Amino acid sequence: MIAPSVLLICSLLVYPVVYGIWLSLFKKHSFFPDQRFVGLANYAYLMKNSDFWMSVWYGTVYSVSTIFFQIVIGIIAALIVNEAFKGRNFVRGVILFPYVIPTVVAIILWKWLLNNQFGLVNYLLLAVGIIDDPISWMGMDHIMTSLILISVWEFFPFVVLSVLARMQTIPPVLYKAAKVDGAGAFRRFIHVTLPQIRNVLFVVILLRSIWMFTKFDTVWLLTQGGGAEKYIRTLPVYAYMRTFMYYQAGMGSALAVIMFIILVAATTIYFKMFRREEEI
Amino acid sequence: MTPKINFFSMRGQFIYGCAAILAVATAFPFFWMVSTSFKPLQEIFVFPPHFFPAEFTLKNFERLFEQTRFLTYFKNSVFVSFTTVMLTMTIGSAGAYSLTRFKFYGREKVASLILFSYMFAPIMIVIPFYVLIKKIGLANTHTALIMAYTAFCLPFSLWLLRTFFQSIPLALEKAALIDGASRLEAVVYVVLPLALPGIIATGIFTFILAWNDYIFVRILITSDELKTLSVGIADLYNATVIDWGMIMSGSMLITVPVLVFFVFIQRYLIAGWGAGAMKG
């Protein structure tokens, strides 16, 4: 009875991945069937291509900064909603909204809020006097900032939920003991909470890194290929553009393979560096 | 649990303050979407902005239904998502049941196959997937979408369903078998009713994933009348003048089903997200 599942996963998930590696060795038009074997030429071309290295750079900036802020804000938020205050369950529910809604909606909401003429954010910043002129959030200077802001907003709930679940299992005795020993709130966090949530953080950072590094829809939808698209063209967007705008399916596949190699390498290093004896 | 935080202490005020900021930061964009979608066009662009519509109107929704194919997109989304759920639940339940009840060669391999699929992000699959779908002549059909979603949802569904089936004691089935029930009867009358909450929760995760997806629709569907909501709404943007009122009302209608279902699965979120049910 497991056969249909295995068959489907293998034919629709594993096979395409293998086929993608094969495809990356060809010069192949995205729509027409003609293809020509070119060996590693696609990879060689990319290595010398400045657009490719730019997208590696933007991808790195995007993943590293969004992961950092998600984790920090996520842990702080988890600490807050772990406290027993009135309306806690309401806040716990609402906080997860950004992660559950369709990405399209998240992007549309923020594009409206960050609209340079009629957006509420610019209005509030002007009204309070923080800025003198409206900021062009979707312009080339600020698009990366906007993208990071929106992504952190959309994805930090995952961190909150995972970390909170672990925090709830920390025995209160530990905090009492630390208090008796005279530890302040900060030291209690460093010496009691942090060691306890370490393992879950290990997994959360791993998953979020994989997902942010391969994030396509949030990045793509912000510009949909127009405007300041060039300044947030991360690797996944670049792979999409090569395939569906330049019609180079082979080149697009090569980019997907490169992403996969980077992921495997980074994951291996990450495990070597941080994983001690204990199981996840 | 009774609230223990004293609102009048320094610490209490700090926590209430932070909780308020968190709630506003996550919920306000949604409030703004609802507020905008009920405002008449001229009020949307008023400066300073009104937080609540001064004049309440349904004109935005009327335009959405009359001038766009929103209803078609909605029907397509419902059809594709529900078919995916039915298919995934049928195949997944059978697979998960056999994983927990029968010993067979390669059982452990299936488990590692599931974990390995964590590394596959849609962007890495979608290019070869598209080329393959094109080859077998299924490009631009809902079948292609359903195949993609089923393949993507099966790994986490199997993982989740397995834990639900594991929690049902074997003794119950044995008792039914001793009482003269056939294996099928034992499954239908004893196991499935007990596993139902878990199956429904897994189904909802699948639904949300299919409903929220953007990338597969963008790539696999080219005809306007076959598009689902996320791409349909994203394309409303490509109009020369962006009708914010209409877009906000559309966004609201996409979000509502997700949030309604979300309320039902709150209990299962940790298990679901941990199994990769959102992958993003």
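**Exercise 1. The contact between the chains**

Task: State how many residues chain B and chain A each give to their contact, and describe the side of chain B.

Solution. Step 1: In this predicted model, chain B contributes 74 residues to the contact and chain A contributes 64 residues. Step 2: On the side of chain B that touches chain A, the element that gives the most is helix α1 (residues 10-37) of chain B, with 13 residues. Step 3: Sorted by class, the residues on that side of chain B are 59 nonpolar, 13 polar and 2 charged.

**Exercise 2. A helix pair across the chains**

Task: Find how helix α1 of chain A and helix α4 of chain B are oriented to each other, and which residues meet.

Solution. Step 1: Helix α1 (residues 3-23) of chain A and helix α4 (residues 70-101) of chain B have axes that come within 7 Å and cross at roughly 120°. Step 2: An angle over 115 degrees that is not over 145 falls outside the roughly perpendicular and roughly antiparallel ranges; α1(A) and α4(B) are therefore oblique to each other. Step 3: From α1(A), the residues P4(A), S5(A) and L8(A) meet I91(B), G92(B), A94(B) and G95(B) of α4(B). Step 4: This contact of α1(A) with α4(B) holds 4 nonpolar and 3 polar residues, and no charged ones.

**Exercise 3. The domains of chain B**

Task: Name the domains assigned to chain B and describe the contact of domain 1 with domain 2.

Solution. Step 1: The domain assignment divides chain B into domain 1 (10-57) and domain 2 (66-274). Step 2: The C-alpha centres of these two domains of chain B are 33 Å apart. Step 3: Their contact involves 7 residues of domain 1 and 6 residues of domain 2 of chain B. Step 4: On the domain 1 side, the elements giving two or more residues are α1 and α2 (41-44) of chain B, and α1(B) gives the most, with 4 residues. Step 5: That side of domain 1 has 4 nonpolar, 2 polar and 1 charged residues.

**Exercise 4. A helix pair within chain B**

Task: Classify the packing of helix α3 of chain B against helix α12 of chain B.

Solution. Step 1: Helix α3 (residues 59-67) and helix α12 (residues 244-265), both of chain B, have axes 8 Å apart and pack at an angle of about 80°. Step 2: That angle makes α3(B) roughly perpendicular to α12(B). Step 3: N60(B), F61(B), R63(B) and L64(B) of α3(B) meet G245(B), M246(B), M248(B), S249(B) and G250(B) of α12(B). Step 4: By class, this contact has 4 nonpolar, 4 polar and 1 charged residues.

**Exercise 5. The largest nonpolar core**

Task: Identify the residues that touch the most other members of the largest nonpolar core, and the helix that gives the most to this core.

Solution. Step 1: The core has 140 residues, and those touching the most other members are V160(A), I123(B), V126(B), L145(B), A148(B), A151(B) and L220(B). Step 2: Helix α7 (residues 142-166) of chain B gives the most to this core, with 17 residues. Step 3: Domain 1 (10-57) and domain 2 (66-274) of chain B each supply at least three residues to this core. Step 4: Leaving aside neighbours within four places in sequence, V126(B) contacts I215(B), F216(B) and I219(B).

**Exercise 6. Burial in chain A**

Task: Give the share of buried residues in chain A and explain why helix α6 of chain A counts as largely enclosed.

Solution. Step 1: Chain A has 13 helices and 2 strands. Step 2: Of its 280 residues, 39% are buried. Step 3: In helix α6 (residues 103-113) of chain A, 11 of the 11 residues are buried, so this helix is largely enclosed by the rest of the structure. Step 4: Among the buried residues of α6(A) are T103(A), W110(A), K111(A) and W112(A).

How values were computed
Residues numbered from 1 in each chain as written. Chains lettered and ligands numbered in written order. Predicted model: local features only at pLDDT ≥ 70, side-chain atom pairs only at ≥ 80, totals over all residues. Contact = placed C-beta atoms within 7 Å. Nonpolar A, V, L, I, M, F, W, Y, C, P; charged D, E, K, R; others polar. Domains from an automatic or database assignment. Axes fitted to C-alpha atoms, helices over the stretch in contact; angles between N-to-C directions. Parallel < 35°, antiparallel > 145°, perpendicular 65-115°, else oblique. Core = buried A, V, L, I, M, F, W, Y, C linked by C-beta atoms within 7 Å. Buried ≥ 20, exposed ≤ 12 C-beta atoms within 10 Å, placed from the backbone.
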